[in-house]
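Please open the model in your viewer and keep the sequence alongside, so that each selection can be followed in both. The tour begins with strands and ends with enclosed space.

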Amino acid sequence: MANPGTNDSRKASITHVIFDMDGLLLDTEKFYTEVQEIILARYNKTFDWSLKAKMMGKKAIEAARVFVEETGISHSLTAEDFLTEREAMLQSLFPTCELMPGASRLIKHLHANGIPICVATGSHRRHFELKTQRHGEIFSLMHHIVLGDDPEVKKGKPSPDIFLAAAKRFEGGPVDPQSVLVFEDAPSGVGAAKNAGMSVVMVPDPRLDESHYAAADQVLSSLLDFNPSEWGLPPFEKVAS
């Protein structure tokens, strides 16, 4: 599934790693889908993956505008009202979210080997705290976390703002974008990483159309499939048989 877009010398220069969160580290995208399907059903409309692809990774208000405009319900439901209604349903779902397969292993491995890691997520603080309340140990290993409501993040993904802010906050930052590897699941996030001049590994939902894969340097089915040594990072220790 790999894309041969990044040369070996670029891969060998990776020193820092930035993770997206929703759909990449945490299995939260299903909650957004579930709630949005419920809202649309009132208007006899359905929620599909072409619309989901346009919303993923964006700031909440930006995604909300896409939602009401693309579905043709903006005359009945404003983006702001949609967020208010969605919020009430999401609040009870977020604390139940699970880690995605391979997330814990990869984060612990990079941290144990001294690779600086951080999270750059479009989620705002209130949602971040709800989503991570059962996963404090993993998120405590991050050098820092940049959220969607951070004042330095003027524009959401695919603008590079959030990844440039994240690179700036590493010790000794800003880190050269060519030394940063980003992990993303969303097309807008892949675009943001490339716009920031960084390499990106995409781990998309299998329902996402493959036309969205083109910009990524590597495409994987799961974080379990990531081989750190392909990017000049310390290899996973072999488990004795």
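Two strands are taken to pair if DSSP finds at least two bridges between them. With that in mind, and remembering that this is a predicted model, select residues 180–184, which form strand E4, together with E5, and you will find the two paired in the parallel sense over 4 bridges. To see one contact of this pairing, pick Phe183, whose bridge partner in E5 is Val201. Now follow the chain out of E4, through helix H10 at residues 187–195 and on into E5, a β-α-β crossover that is right-handed.

Stay with E5, selecting residues 199–202, and ask which residues lie on each of its faces. Ser199 and Val201 are on one side, Val200 and Met202 are on the other, and all of them are buried, which leaves both faces of the strand covered.

Next, add residues 218–219, strand E6, which pairs with E5 in the parallel sense over 2 bridges. Here Met202, already selected as one of the buried residues of E5, stands opposite Val219 in E6.

Finally, turn from the strands to the space inside the model, where a search of the whole structure finds 1 cavity of 30 Å³ or more. The largest cavity has a volume of about 40 Å³, and to display its lining you should select Gly57, Lys58, Lys59, Gly122, Gly148, Val153, Gly156, Lys157 and Ile162. Coloured by residue class, this lining divides into 2 nonpolar, 4 polar and 3 charged residues.

Terms used:
Residues numbered from 1 in each chain as written. Predicted model: local features only at pLDDT ≥ 70, side-chain atom pairs only at ≥ 80, totals over all residues. Heavy atoms only, no water. Buried < 20%, exposed > 50% of the residue type's maximum accessible area, 1.4 Å probe, protein only. Right-handed = clockwise from strand over helix to strand, strands pointing away. 1 Å grid on protein atoms, 1.4 Å probe; cavity = no way out; pocket = protein on both sides within 12 Å on 5 of 7 lines; lining within 4 Å. Points joined across faces, edges and corners; volume = space filled by probe spheres on them. Nonpolar A, V, L, I, M, F, W, Y, C, P; charged D, E, K, R; others polar.
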